[in-house]
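Here's a quick tour of the model, written for someone who likes to see the cut-offs next to the claims. Have a look at the fold, then read on.

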Amino acid sequence: MKVVHVGIVHRKDDTRILKKECASLARRGYNVTYVTSDCYGDSGEEKEDGVTIKFYSFNKKAFGWQWNMLEVWKNQRRLRDEILSTIWKENPSIVHLHEYALLPLMKYIKKKGIKIIYDVHEDTPREQKACCSQSLNKWIGTAIEYWTEIKEGWWSRQADGIIAATPHIKKRFEKVTKVLSCVRNYPLLSDIQYQNDNMEQRESIVCYSGGMGEDRGISKLCEFSKKINGMCLLAGNIGKDYENYLKNKFPEEMNSKVKLMGYLNRGEVNDLYGQSVVGVCTLLYNPNYYYALPIKMFEYMAAGLPVVHSNFPLWNSIVQKSKCGIAVNPENGEEIVHAINRLLKDRKLAKKMGDNGRNEVVKKYNWSLEEKELYKIYDILAEP
């Protein structure tokens, strides 16, 4: 059976889409193609993990607010036609959509008699509200949240199946479809190197791996980095404007205590984990994060690193029960510094917490368990 996974701004090597879902389906015997945009400079066709990767032209003018909304509408139509043309060439039985922005394509896909899976990575209405409230105001943010909730609910009813990344997101769609599954974005054990036996000899390095922005607690970490008894290595995509903001706001810290690593591939991320003592996941208070399951937190655990994390109830229930990290108020820089310095100083405690985290990932927080949920929904839709 031919399956096409579709993204827009997801990278060609996106871990959840390519390395986990697509690769698992390919091993299951499905003929899988992953289609995404060329916004990262990719082109042509590639093959990885039994999955064919193809690209379409990305039209950035199709997104965002512009005064000439007629031009925006025209660009959206061009992007829509580009994506659909790429899908039609594959002649799939199932199309697996990975972004909220792709939902308007459903009506065209359904007309072809193709089954659709909507993969909900984020609590989109809350994500949109937080973004708009920060950049505009809370009233516009609330209006956008309400409108997004309506649109996502209406479009998703046309899906043949829905996959949610967390139990909280899954609950939102229980009345939308009966073909519903929760597939958590837990790490691939084969992807993460476990190498904390040299914890005592490591330099005092604190790491962060993931998208970087104000809401991820990066500014707070930079602000208090002078009080951390070590170096902060921050890896991940960062917008140029935010990078310039950090360099202008914290010039001394950015020159001596913080290093921006940029986007790292899997091997480079493992190298980062292998030289670090602490993994930081101090995302700021945001309704979209309260019930999230951040992959970075589980990757730290899989790599044998103790975690300093935001004291959200769900995260506490995982990390504190596993005894693999320290919870902090993400708005309180002094708390973050104290927790980090404690682990940098007490390497035996850091190693013990790291071992505890690794053991929990091996037992229950790994992809080999989650892929079974992915297979269930595909087995249902594969029936004639």
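## Two tyrosines on one helix

Tyr 245 is partly exposed, with a relative accessible area of 35%; here buried means under 20% relative accessible area, exposed over 50%, and partly exposed in between, using a 1.4 Å probe and protein chains only. Tyr 242, in contrast, is buried at 13%. This is a predicted model, where local features need pLDDT of at least 70 and side-chain atom pairs count only at pLDDT 80 or more, while totals for chains, interfaces and linings use all residues. Residues are numbered from 1 along each chain as its sequence is written, and side-chain values use heavy atoms, with hydrogens and water left out.

The two tyrosines sit about one helical turn apart, because they are three residues apart in helix H8 (residues 240–249). Helices (H or I, at least four residues) and strands (E, at least two) are DSSP runs, numbered from the N terminus.

## Rings that meet

How many aromatic pairs does a search of the whole structure find? There are 12, counting rings of Phe, Tyr and Trp (its six-membered ring) whose centres lie within 6.5 Å; planes under 30 degrees apart are stacked, over 60 edge-to-face and the rest tilted. One is edge-to-face: Tyr 186 and Tyr 365, at 5.4 Å centre to centre with 75° between the planes. That pair links distant parts of the chain, 179 residues apart: Tyr 186 is in the loop between strand E8 (180–182) and strand E9 (205–209), and Tyr 365 in the loop between helix H15 (347–363) and helix H16 (367–381). Both Tyr 186 and Tyr 365 are buried.

Back on helix H8, Tyr 242 and Tyr 245 make a stacked pair, 6.0 Å between centres and 20° between planes. There's also one aromatic cluster made of Tyr 285, Tyr 290, Tyr 291, Phe 312 and Trp 315.

## Charges over rings

Two cationic side chains are worth a click. The charged end of Arg 11 sits over the ring of Tyr 40, 4.5 Å from its centre, and Lys 112 lies over the face of Trp 88, 4.9 Å from the ring centre. The test is NZ of Lys or CZ of Arg within 6 Å of the ring centre and within 35 degrees of the ring normal.

## Nonpolar cores

Which residues touch the most other members of the largest nonpolar core? Leu 234 and Ile 340 do, in a core of 61 residues. A core here is a set of buried Ala, Val, Leu, Ile, Met, Phe, Trp, Tyr and Cys residues joined through side-chain atoms within 4.5 Å. Helix H14 (residues 333–345) supplies the largest share of this core, six residues.

Setting aside neighbours within four places in sequence, Ile 340 is in contact (heavy atoms within 4.5 Å) with Val 206, Leu 221, Ile 228, Val 278, Val 280 and Val 308. Apart from the largest core lies another, of 30 residues, including Val 4, Ala 62, Ile 83 and Leu 97.

## The whole chain

The chain has 16 helices and 14 strands. Its radius of gyration is 21 Å, close to the 21 Å from the globule rule for 384 residues, so it is as compact as a globular protein of that length; the radius is taken over C-alpha atoms, and the rule is 2.2 Å times the number of residues to the power 0.38. The C-alpha trace spans about 60 × 50 × 40 Å along its principal axes, and 53% of the 384 residues count as buried.
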